[in-house]
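Trainee: Let me test the labels on this model. I will ask for the reason behind each one.

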Amino acid sequence: MQGSSEQGGFYKLSMTERVKLLQKLTGLSEEEVKTLRQTGGLPEEVADRMIENVVGGFTLPLGMAMNFLINGKDYIVPMALEEPSVVAGASYAAKIARAKGGIKVTNTGPVMIGQVQAVGIKDPKAAKAKLVSRREDILAKANAQDPLLVSLGGGAKDLNVKVIDSIKGPMVITELFVNCGDAMGANAVNTMAEAVAPLVEEITGGTVLLRIISNLADKRLVRATAVFDKEAMGGAEVVDGVVQAYAFADADPYRCATHNKGIMNGVVAVGIACGQDIRALEAGAHSYASRSGKYKPLTKWEKNKDGDLVGTLEMPMAVGLVGGAAKVHPAAKANVKILGVRTATELAEVMGAVGLIQNLAALRALASEGIQKGHMKLHARNIAASVGATGKQIDVIANQLIAEKKIRMDRAKEILDSMKA
Ligand code: MEV
């Protein structure tokens, strides 16, 4: 760093001016500036409106997972991520599921929860009773904020009031249950939560502090299930291995974190490709996995009477097709078109199916040849490219690294040098 990061008015500069200043401050080369300035499929002015202090874009590889049959419909699934083997694993496992009818998914509807925190209340139980008795007024106030959503059949449908104990004493939490339709819902729900706050204060005599959506979206669940033929899985041993792997995750949070990470490899990759808030998806997934007080797998794996493997997944899936990046990011719009989903709920179902399939892909590999075999091919190619190999050299070097079991940069460089000589 060749200057201070305290640069008042950085946000007021144009993108070009910001990059110039950044270059001065950090010593970026012209080449690096050019790389950062590229916004891929996203027009500069759109990028500049989406977040603050924009200097450019950041591109991830976009791959298509094939073979998905979900609720009887065919899908090509766009996935944006940096990790090798995920797209291949999803395509492979989706093909196995296809033979037994594909993945079946149901959902609980697109309901999100908005929370209003009231403190400083002398009699919290009485306040709760008063809030419940004013249910209709509170819901009406919430719904007045979004006539369009209400006209489409959505809006605030129900209310829950709870008294919680906290390190700062009791608090009265009013929860709005909002059907968000095709929106992820953060904007709609937050607007409603803010709008009902004065009424909550008036009813309780307390002070409202937070008014915000909950990412523990347990009223917006998807449930996916699929059967995987034991022969296609590689035999009864692999089926048993997957069940053992699930038992391990169920019993041990250290394993469970990685098990659920494998699910999120799929969910997040589709989420990024389709312009979703993947932080919300992660928060929802892991908090849901902990809802019993113990951190648990989001999937379950069992053997049926034929010896085939049966997988089920249940998790929150807060996604939207209107009002977010899915609507303004041209690449996200193209990916939604490829996917062919018509509603946010259909997108959620597809993402649940991908989560289940991705988990199976990982567990199958772990329970049989291990995951490194698949990873190593791509890893070896990356190593070859990183030492300067190009075109056909990459595969030649990668194959040699694998054959020698020396997937290392020093060896890749040696091979490249000998090829050049
Ligand atoms: C790697 O990104 C994901 C896995 O670790 C998932 C798992 O262990 O189940 C392979």
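Trainee: What is the make-up, by class, of the shell around the ligand?

Mentor: This is a predicted model. By class, the shell has 4 nonpolar, 4 polar and 3 charged residues. In total, 11 residues surround the ligand. The closest are E83, R255, K261, N265 and L366.

Trainee: What makes E83 a polar contact of the ligand?

Mentor: The cut-off is 3.5 Å between N or O atoms. A polar side-chain atom of E83 lies 2.6 Å from a ligand oxygen. That is within 3.5 Å, so the pair is a polar contact.

Trainee: How do you know that R255 and K261 make polar contacts too?

Mentor: The test is the same cut-off, 3.5 Å. An N or O atom in the R255 side chain is 2.7 Å from an oxygen atom of the ligand. For K261, a polar side-chain atom lies 2.6 Å from a ligand oxygen. Both pairs are within 3.5 Å, so both count.

Trainee: How much of the ligand does the protein bury?

Mentor: Taken alone, the ligand exposes 300 Å². The protein buries 87% of that.

Trainee: Which elements give two or more residues to the shell?

Mentor: Helix 11 (253-273) and helix 15 (344-367) do. Helix 11 gives the largest share, 6 residues.

Trainee: A257 is in helix 11 as well. Why is A257 called partly exposed?

Mentor: Its relative accessibility is 35%. Partly exposed runs between the buried limit, under 20%, and the exposed limit, over 50%. A257 falls between them, so the label holds.

Trainee: And why is S214 called buried?

Mentor: S214 has a relative accessible area of 14%. Buried means under 20%, so S214 qualifies. S214 lies in strand 7 (residues 207-214). A polar atom of the S214 side chain is 3.1 Å from the backbone nitrogen of L216.

Trainee: Now the surface. Which residues make the nonpolar patch?

Mentor: M50, I51 and V328 make a nonpolar surface patch of about 260 Å². V328 is found in helix 13 (residues 325-328).

Trainee: What makes V328 accessible enough for a patch?

Mentor: Patch residues need over 30% relative accessible area. V328 has 40%, so V328 passes that test. V328 is also partly exposed, because 40% lies between 20% and 50%.

Trainee: How far is M50, in that patch, from A257?

Mentor: C-alpha to C-alpha, M50 and A257 are 32 Å apart in space. In sequence, 207 residues separate them.

Terms used
Residues are numbered from 1 along each chain as its sequence is written. This is a predicted model: local features need pLDDT of at least 70, side-chain atom pairs count only at pLDDT 80 or more; totals for chains, interfaces and linings use all residues. Side-chain values use heavy atoms; hydrogens and water are left out. A residue is near a molecule or strand if one of its heavy atoms lies within 4 Å of it. A polar contact is a pair of N or O atoms within 3.5 Å; within protein, one must be able to donate a hydrogen and the other to accept it, and residues adjacent in sequence count only if both atoms are side-chain atoms. Accessible areas come from the Shrake-Rupley method with a 1.4 Å probe; for residues, only the protein chains shown count as cover. Helices (H or I, at least four residues) and strands (E, at least two) are DSSP runs, numbered from the N terminus. Ala, Val, Leu, Ile, Met, Phe, Trp, Tyr, Cys and Pro count as nonpolar, Asp, Glu, Lys and Arg as charged, and the others, Gly among them, as polar. Patches are made of residues with over 30% relative accessible area and no salt bridge: like charges are joined within 9 Å, nonpolar side chains (Val, Leu, Ile, Met, Phe, Trp, Tyr) within 5 Å. A salt bridge is a side-chain nitrogen of Lys or Arg within 4 Å of a carboxyl oxygen of Asp or Glu. Buried means under 20% relative accessible area, exposed over 50%, partly exposed in between (1.4 Å probe, protein chains only).
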